[in-house]
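Work through the exercises below with the structure open. Try each task before reading its solution.

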Amino acid sequence: MLKIYGHFMSMPTNKVRLCVSYLELPHEYIHVDLQAGEQLKPEYLETNPAGRVPAIDDSGFKLSQSDAINKYLCALSGPSSFYPPEPQEQAVVNQWADMGSHHVMQAMARVFFNKIVCKLLGQEPDAASITTGENMLARDLPLINSQLQENIHLAGDHITLADINLQAALEPADMCGIDLSEYAAIAKWRAELMRQEFYQRVHAHFASEMNET
Ligand SMILES: N[C@@H](CCC(=O)N[C@@H](CS)C(=O)NCC(=O)O)C(=O)O
């Protein structure tokens, strides 16, 4: 049985959870308590020696790094429009998937860590890092918005891995006070994605999960 290790506040974990849910691959989800340091315990380090989430254990095959995991899950699931096998179609999906994983998620991570996680950890937030993150978002979200004005999904007509990455990266936007309504095409795309069953299966809403803890 495929085991997925993660934490609900981890955007890379949510990428993997959304992907496995979309692909409907049978799996067991295991919460790793990062605040308690479970990621550094010897039994977890056997799964991911880097001591981070997410990671998977597929009947002894161990893998970390959310992007590598998601591509493995797509390969397991078989060719489909979600991660097309044709080289140029796949390259376009990768291009937008990387935009979500690297630029948007890196930007949001700065804002989320300093506005939300620091409070939970009792640490002083870094205001300059929040500003950098917000500036990074202001640079890339207009381009993404234009892409979604012209296409139903990031890489064209079909939902792909790229949409999953962007959604996971934008998940903390509301709780971080980032107003996406000025990006009307992103807001519409996001609302529609969050209505879908595969999304609802993972979490009714990121913020409500936070409040339950
Ligand atoms: N590039 C990695 C990032 C993984 C990562 O940084 N995970 C964080 C949570 S979002 C973590 O496990 N932190 C725990 C720690 O550093 O001790 C991926 O995409 O999987």
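Helices (H or I, at least four residues) and strands (E, at least two) are DSSP runs, numbered from the N terminus. The model is predicted: local features need pLDDT of at least 70, side-chain atom pairs count only at pLDDT 80 or more, and totals for chains, interfaces and linings use all residues. Residues are numbered from 1 along each chain as its sequence is written, and side-chain values use heavy atoms, with hydrogens and water left out.

**Exercise 1. Backbone**

Task: Find where S59 lies and what is unusual about its phi.

Solution:
- Step 1. Go to the loop between strand 3 and strand 4 (61-64); S59 sits there.
- Step 2. Read its phi: S59 is not a glycine, yet the angle is positive, about 50°.

Task: Which residues does a cis peptide bond join?

Solution:
- Step 1. Check omega. It is about 5° for the bond between V53 and P54, which is cis.
- Step 2. Place P54. It belongs to the loop between helix 2 (42-45) and strand 3 (55-58).

**Exercise 2. Domains and their interface**

Task: Describe how domain 1 and domain 2 meet.

Solution:
- Step 1. Set the bounds, which come from an automatic or database domain assignment. Domain 1 covers 2-77 and domain 2 covers 87-201.
- Step 2. Locate the centres. Over C-alpha atoms, they are 20 Å apart.
- Step 3. Count contacts (heavy atoms within 4.5 Å). Domain 1 contributes 15 residues and domain 2 contributes 22.
- Step 4. Take the buried area, meaning the accessible area (1.4 Å probe) that two parts lose on being put together, summed over both. The two domains bury about 1,600 Å², with 70% of it on carbon and sulfur atoms.
- Step 5. Look for salt bridges (a side-chain nitrogen of Lys or Arg within 4 Å of a carboxyl oxygen of Asp or Glu). One crosses the interface of domain 1 and domain 2.
- Step 6. See which elements of domain 1 touch domain 2. Helix 1 (11-23) and helix 3 (66-77) each give two or more residues. Helix 1 gives the most, eight residues.

**Exercise 3. Side-chain pairs**

Task: How many salt bridges does the structure hold?

Solution:
- Step 1. The count is five.
- Step 2. Take K115 and E134: their closest N and O atoms are 3.5 Å apart. K115 is in helix 4 and E134 in helix 5 (residues 127-150), so the pair links parts 19 residues apart.
- Step 3. Add R201 and E24, whose side chains meet in a salt bridge at 3.9 Å, N to O.

Task: Why does the pair of Y22 and F82 tie together separate parts of the sequence?

Solution:
- Step 1. Apply the rule. Rings of Phe, Tyr and Trp (its six-membered ring) pair if their centres lie within 6.5 Å; planes under 30 degrees apart count as stacked, over 60 as edge-to-face and the rest as tilted. Four aromatic pairs result.
- Step 2. Y22 and F82 are stacked, 4.5 Å centre to centre with 15° between the planes.
- Step 3. Y22 lies in helix 1 and F82 in the loop between helix 3 and helix 4 (87-121), so the pair joins parts 60 residues apart in sequence.
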